[in-house]
Structure formats: structure tokens, C-alpha cells
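Me: Please take one close look at the side-chain contacts in the interior of this structure, and explain them to a reader who has not met it before. A connected account is preferred to a list.

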Amino acid sequence: MSRDADEKGACRTGREAVVSSFSPHFGEEDPLVGTGGSGTIFFTHCNLQCLFCQNYEISHLGEGKEVSSDRLAEMMLRLQGEGCHNINFVSPSHVVPQILAALPRAVEGGLRVPLVYNSGGYDSVETLRLLEGIFDIYMPDLKFMDGEVSRRYCRAADYPEKARAAIREMHRQTGDLVLGPGSVAERGLLVRHLVLPGGLAGTREAMRFLAREISPDTYVNIMDQYRPCGEARGHPPLNRRISAEEYEEALAMAREEGIHRLDRRRGIRMLRFI
């Protein structure tokens with residue numbers, strides 16, 4: 001599909017990016033939030049089709065509006081002006097060209113805070129190499145470690161291998177997460193891992209991969225907020241929340257595998273709809 005011709009393929013995005021909301025976000029990881037919040041820009045649609053997506057209305061149903069490069073740059077500058085510590089691009093994998101088109105305008109306008117690439121982990125290494133030196137912080141998901149599970153629930157049997165390769169490249173570019181004044185992130189890798197019912201996320205294998213093949217100093221957010229969303233209610237065991245025991249077991253697995261930099265979630269999500 002040609003983006004220049006405004007044709008839309010699997011990601012349902014043409015020449016212009018589609019944004020659902022932007023705002024200072026206080027529910028992100030501690031090193032991103034600080035005191036001023038993380039400046040999140042939520043892109044509509046996604047290059048994955050997770051049937052349990054916690055943002056199903058955005059990723060599957062397409063809630064949002066097309067924005068020009070100038071408007072995207074204005075959003076970045078407005079978030080910086082409101083005191084956000086970073087600009088956090090949520091689900092950017094399918095809109096990299098649009099982000100790159102907007103960044104020069106934002107930089108000319110005075111953008112200086114770190115840039116966060118907040119993805120589902122299903123990223124092309126070739127694309128990531130083009131981004132070297134542009135993004136300061138990479139924050140991918142590490143969703144699944146079993147290809148059959150990812151095929152069944154995300155329609156991407158190759159997710160585990162793609163995510164591993166992407167995380168290796170992200171770490172090569174930026175290294176372990178570096179914190180500056182106020183323990184706010186300046187540069188590096190931060191990995192999210194959502195605990196799923198019935199052990200579907202493969203937590204032990206995920207933590208073993210990070211500790212042994214990336215770094216035991218990898219900063220990880222073991223997330224406990226899974227709830228049945230989207231189409232999940234028709235797919236047990238995804239039709240239930242995780243138990244307290246499942247979450248504590250996931251934390252124990254992380255520590256047992258050598259991961260010691262674990263995030264503590266706090267706050268609530270605050271969105272400004274465009």
C-alpha cells in the first residue's frame with residue numbers, strides 16, 4: 001500500500017496519523033511520570049490484533065481523528081509546555097513515517113525532552129535501526145513467549161521471535177534504563193510484561209530471556225491490571241481477571257530469574273481527547 005497515495009492497509013492508516021488522545025499521563029511507569037507526568041500521544045489502530053486489548057476501542061474500533069504533521073508537532077510542544085518529562089508515543093509502530101515528519105517541526109519549535117517509543121514489541125529491526133539516535137527511551141511490551149499462544153490471541157505466530165529481536169536492537173541502541181534527577185528516565189530500555197490468566201504470557205521464560213540475553217539490570221514493569229476487554233470474554237481463561245496469587249507468582253519468577261529492577265505502578269490515566 002502507498003502512504004503517499006493515502007491508501008490504507010492492515011494498519012488502516014494512510015498519509016496522516018490518527019490520534020485518539022493526548023495528555024499528561026500519571027499512570028505510566030514511575031521513571032516516566034516523575035512530578036509532571038508522561039506526555040502521552042495515543043495513536044489509533046495497531047500492527048497487532050490482540051483480541052483482549054485494553055484499549056480495544058482505539059486499536060480495533062478506530063476511535064480518533066487524523067492529524068497533520070504540524071498538529072502532531074503542536075501536541076508534542078504543548079505537552080512539554082505543560083511540564084511533561086517526555087513525549088510518549090503510544091502504539092507508534094505503524095506511524096513511524098508520520099512521527100518522523102512531525103519531529104523536525106517540533107524540534108524547531110523548541111522540543112527538548114526525551115522521546116519514548118512505547119510499542120507492543122512487534123517491531124521490525126530494520127525500522128528500529130532507522131530510529132537510532134532519535135528515540136531516547138524504548139518501552140516495548142513482551143507479551144508472549146509461545147508462538148501458538150500469540151497466533152491464537154494476537155494473530156501473530158511470529159510475535160515471540162520478532163519481539164526478542166526488537167528488544168535486542170532497542171537495548172543495543174540505548175542500553176539499560178538511566179535515571180536522572182528526581183529518578184526520571186533519561187535514556188534506555190524499559191520492558192512491560194502483562195500477566196495473563198493461566199500463565200499464557202510465559203512469564204518465567206520472558207524474565208529468563210531478559211536477564212540472560214538482554215541484561216539483569218533491565219527495568220521491567222510486571223503489570224497486574226489485566227481485565228477481560230474486547231473479545232476476551234469468549235476465550236477462557238482470558239475471560240477472567242488474574243488472581244493475586246498469579247501476580248505474586250509472576251513477581252517471584254522475575255526475581256528468581258535475576259530481574260531486580262521492578263516498577264511500582266501508581267496514579268490514574270488522564271486523557272485529553274482531540
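Reply: Tyrosine 117 and tyrosine 138 are both buried in this model, which is predicted. The two belong to a cluster, linked by ring pairs, whose other members are Phe43, Phe89 and Phe135.

Across the structure there are nine aromatic pairs. One of them joins phenylalanine 52 to tyrosine 226 in an edge-to-face arrangement, with 6.0 Å from centre to centre and 65 degrees between the planes. Phenylalanine 52 comes from the loop between strand E2 (38–43) and helix H2 (56–59), and tyrosine 226 from the loop between strand E9 (219–223) and helix H9 (244–256), so this contact ties together parts 174 residues apart in sequence. Phenylalanine 52 is buried, its relative accessible area being 4%. Tyrosine 226 is likewise buried, at 0%. Tyrosine 117 and tyrosine 138 also form an edge-to-face aromatic pair, with centres 5.6 Å apart and planes at 65 degrees. Here the partners lie in strands: tyrosine 117 in E5 (residues 115–119) and tyrosine 138 in E6 (residues 137–140), so the parts tied together are 21 residues apart in sequence.

A ring may also meet a charged side chain. Arginine 164 lies over the face of phenylalanine 209, at 5.8 Å from the ring centre.

The next question concerns the cysteines: how many disulfides does a search of the whole structure find? The search finds one. It is formed by cysteine 50 and cysteine 154, with 2.5 Å between their sulfur atoms. The torsion about their S-S bond is about 95 degrees, so the disulfide is right-handed. Cysteine 50 sits in the loop between E2 and H2, while cysteine 154 belongs to helix H6 (residues 147–154); the pair therefore ties together parts that are 104 residues apart in sequence. The loop between E2 and H2 thus holds cysteine 50 as well as phenylalanine 52. Both cysteine 50 and cysteine 154 are buried.

Why does cysteine 53 not bond with the closest cysteine sulfur? That sulfur belongs to cysteine 50 and is 6.4 Å away, which is too far for a bond. Cysteine 53 counts as buried because its relative accessibility is 18%, and the cut-off is under 20%. Cysteine 229 is in no disulfide either, the nearest cysteine sulfur being that of cysteine 53, 7.8 Å away. With a relative accessibility of 13%, cysteine 229 also counts as buried.

Attention now turns to helix H4 and the loop that precedes it. Histidine 94 is found in the loop between strand E4 (87–90) and helix H4 (96–108). This histidine 94 counts as buried, with 6% relative accessibility, and its side chain reaches the backbone oxygen of threonine 44 at 2.9 Å. Serine 91 is placed in the loop between E4 and H4 too. Although serine 91 is not a glycine, it has a positive phi of about 60 degrees. Most residues other than glycine have a negative phi, and most peptide bonds are trans. Serine 91 is partly exposed, with a relative accessible area of 22%.

Helix H4 itself has 13 residues and spans 19 Å from its first C-alpha to its last, close to the 18 Å expected. A kink of about 25 degrees lies at alanine 102, shortly before proline 104. The buried residues of H4 include Ile99, Ala102, Leu103 and Ala106. An α-helix has 3.6 residues a turn, so residues three or four places apart point the same way.

Two further backbone features complete the account. Arginine 155 has a positive phi of about 60 degrees although it is not a glycine. Arginine 155 lies in the loop between H6 and helix H7 (159–174), and it is exposed, with a relative accessible area of 59%. The peptide bond from proline 236 to proline 237 is cis, its omega being near 5 degrees. Proline 237 is located in the loop between E9 and H9, the loop in which tyrosine 226 lies.

Conventions:
Residues numbered from 1 in each chain as written. Predicted model: local features only at pLDDT ≥ 70, side-chain atom pairs only at ≥ 80, totals over all residues. Heavy atoms only, no water. Phe/Tyr/Trp six-rings, centres within 6.5 Å; stacked < 30°, edge-to-face > 60°. Helix = DSSP H or I, 4+ residues; strand = E, 2+ residues; numbered from the N terminus. Buried < 20%, exposed > 50% of the residue type's maximum accessible area, 1.4 Å probe, protein only. Lys NZ or Arg CZ within 6 Å of the ring centre and 35° of its normal. Disulfide = S-S within 2.5 Å. Polar contact = N/O pair within 3.5 Å; in protein donor to acceptor, adjacent residues only side chain to side chain. Expected span 1.5 Å × (residues − 1). Bend = angle between axes of the 7 residues up to and from the residue.
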